[in-house]
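Please open the model in a viewer and keep the sequence panel visible. The tour proceeds by selections, each followed by what is found there.

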Amino acid sequence: QVQLVESGGGLVQPGGSLKISCTASGTIFRIYYMAWYRQTPGKARDLVAATTIGGSTNIVDSVKGRFFISRDDSGNTVSLEMNNLKPEDTAVYFCHAQIQQMATEAPKNYWGQGTPVTVSS
């Protein structure tokens, strides 16, 4: 079974920096897509940044220039570097991945359980 486990969330002051990571484990043939979403109570879960197996990245305008997404050489870990954090960045950050477990199966979507990030003085 595939698991996505996030780490690195916590409390940070406005203007500070934080790095969160997500590692996929289990039976994995290939990971095509890994991304970060965030959600606050009463609001939808929104895309923050994404990266594909081909190396393309997508970062939403609200965090562009402050947040950076990267994937390690093994391809099973995605990180989000967050700089100049603002109170409005406070949310639970979720890892999302499209993973093919076997060569004969279609890829499936997986979600982590989330890691909270709180930006406050």
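The tour begins with the whole chain and then moves from strand to strand.

**Preliminaries.** This is a predicted model, in which local features need pLDDT of at least 70, side-chain atom pairs count only at pLDDT 80 or more, and totals for chains, interfaces and linings use all residues. Residues are numbered from 1 along each chain as its sequence is written, and side-chain values use heavy atoms, with hydrogens and water left out.

**Select the whole chain.** In a cartoon view, the protein chain shows 0 helices and 11 strands; here helices (H or I, at least four residues) and strands (E, at least two) are DSSP runs, numbered from the N terminus. The C-alpha trace spans about 50 × 25 × 20 Å along its principal axes. The radius of gyration of the protein chain is 14 Å, which agrees with the value near 14 Å for a compact globule because the chain has 121 residues; the radius is taken over C-alpha atoms, and the globule rule is 2.2 Å times the number of residues to the power 0.38.

**Colour by accessibility.** Of the 121 residues, 39% are buried, that is, under 20% relative accessible area with a 1.4 Å probe, protein chains only. The protein chain exposes about 6500 Å², of which carbon and sulfur atoms supply 48%; these areas come from the Shrake-Rupley method with a 1.4 Å probe.

**Select residues 30-39 and 46-52.** These are strand 4 and strand 5, which run antiparallel and are joined by 6 bridges; two strands count as paired if DSSP finds at least two bridges between them. Within this pair, Arg 38 stands opposite Asp 46 of strand 5. The two strands form a hairpin with 6 residues between them, and Gly 42 in the turn has a positive phi of about 80°.

**Add residues 57-59.** This is strand 6, which pairs with strand 5 in the antiparallel sense over 3 bridges. One bridge to look for is that of Thr 51 with Thr 57 in strand 6. Strand 5 and strand 6 also form a hairpin, with 4 residues between them, and Gly 55 in its turn has a positive phi of about 95°.

**Move to residues 91-100.** Is strand 9 mostly covered or mostly uncovered? Strand 9 is mostly covered, with 8 of its 10 residues buried. Strand 9 pairs with strand 4 in the antiparallel sense over 9 bridges. Two positions to label on strand 4 are Gln 39, which stands opposite Val 92 in strand 9, and Ala 35, whose bridge partner in strand 9 is His 96.

**Add residues 108-111.** Strand 10 pairs with strand 9 in the antiparallel sense over 4 bridges. Keep His 96 labelled: its bridge partner in strand 10 is Trp 111. His 96 is thus bridged to Ala 35 and to Trp 111.

**Finish with residues 115-119.** Strand 11 and strand 9 pair in the antiparallel sense over 3 bridges. The position to select here is Val 117 of strand 11, the bridge partner of Ala 91.

Conventions
Buried means under 20% relative accessible area, exposed over 50%, partly exposed in between (1.4 Å probe, protein chains only).
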